[in-house]
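Trainee: Could we go through this model together at the bench? I have a few questions ready.

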Amino acid sequence: LWWTADFILASPVDLPSSEAQWIASEFNCACPEIDECVAAYCTPETPEACYSDITAENRAAAKRLGDLMGEMALDLMETVSGAPTETVSGVPLP
């Protein structure tokens, strides 16, 4: 599944960004709308849609996107925390 989170600014807009506080207001798996994964999106017309409905080519493309987003997220976490990514994620990296 591809999950997203919507964040809402909870602090006054005139605060420096280093002091801003954000609240995760919603988590869902429908918003990413990654075209390669549309075949697996359940709707009233396709209630049985599943991962295996995605072509091998589209699964590979979606994996490349997911890998890229994961790398970017880990880089961001490392930048923000100042700690090596292995420490932030708690998972040893290869």
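What follows is a short set of questions and answers on this predicted model.

Trainee: Happy to start with the overview. What pattern of helices and strands does the chain follow along the sequence?

Mentor: Good place to begin. The secondary structure comes to two helices and two strands. Read along the sequence, they follow the pattern β-β-α-α.

Trainee: And what share of the residues in the chain is buried?

Mentor: Here a cut-off helps: a residue is called buried when its relative accessible area is under 20%. The chain has 94 residues, and the buried ones make up 10%.

Trainee: What part of the accessible surface belongs to carbon and sulfur atoms?

Mentor: Take the total before the share. The accessible surface of the chain comes to about 7,400 Å². Of that area, the part belonging to carbon and sulfur atoms is 61%.

Trainee: Which residues form a nonpolar patch on the surface?

Mentor: Let me begin with one member, Leu-9, which sits in strand β1, residues 4-9. Leu-9 counts as partly exposed because its relative accessibility is 30%. The patch has about 470 Å² of accessible area together, and its members are Phe-7, Leu-9, Val-13 and Trp-22.

Trainee: Now to Ser-11. Is Ser-11 buried or exposed?

Mentor: First, its place: Ser-11 is in the loop between β1 and β2, the latter being residues 22-28. Its relative accessible area is 12%. The cut-off is under 20%, so with 12% Ser-11 is buried.

Trainee: Which backbone nitrogen does the side chain of Ser-11 reach?

Mentor: Look at what Ser-11 touches, leaving aside residues up to four places away in sequence: Glu-19, Ala-20 and Gln-21. With one of these there is a polar contact, where the side chain of Ser-11 comes to 3.0 Å from a backbone nitrogen. That nitrogen belongs to Gln-21.

Trainee: On to the cysteines. Why is Cys-50 not bonded to the cysteine with the closest sulfur?

Mentor: A disulfide is a covalent bond between the sulfur atoms of two cysteines. The rule used here asks for sulfur atoms within 2.5 Å. The closest cysteine sulfur to that of Cys-50 is in Cys-42, and it is too far for a bond because the distance is 7.9 Å.

Trainee: How many disulfides does the count come to, then?

Mentor: We have just seen that the sulfur of Cys-50 is too far from that of Cys-42 for a bond. Over the structure, the count by this rule comes to zero.

Trainee: How do Cys-37 and Cys-50 stand in accessibility; which one is buried?

Mentor: Cys-50 counts as partly exposed, because its relative accessibility is 31%. The other residue has a relative accessible area of 17%, so the buried one is Cys-37.

Trainee: Last topic: charges. Which side chains meet in a salt bridge?

Mentor: Side chains of opposite charge can pair when their charged atoms come close. The structure holds one salt bridge, and its N to O distance is 2.8 Å. The side chains that meet in it are those of Lys-63 and Asp-67.

Trainee: Where do Lys-63 and Asp-67 both lie?

Mentor: The two are four residues apart, about one turn of the helix. Lys-63 is exposed, because its relative accessible area is 52%, while Asp-67 at 37% counts as partly exposed. Asp-67 has its place in residues 56-81, and the element in which both residues lie is helix α1.

Conventions. Residues numbered from 1 in each chain as written. Predicted model: local features only at pLDDT ≥ 70, side-chain atom pairs only at ≥ 80, totals over all residues. Heavy atoms only, no water. Patch = residues over 30% accessible without salt bridge, like charges linked within 9 Å, V, L, I, M, F, W, Y side chains within 5 Å. Areas by Shrake-Rupley, 256 points an atom, 1.4 Å probe, with all protein chains shown as cover. Salt bridge = Lys/Arg side-chain N within 4 Å of Asp/Glu carboxyl O. Buried < 20%, exposed > 50% of the residue type's maximum accessible area, 1.4 Å probe, protein only. Polar contact = N/O pair within 3.5 Å; in protein donor to acceptor, adjacent residues only side chain to side chain. Contact = heavy atoms within 4.5 Å.
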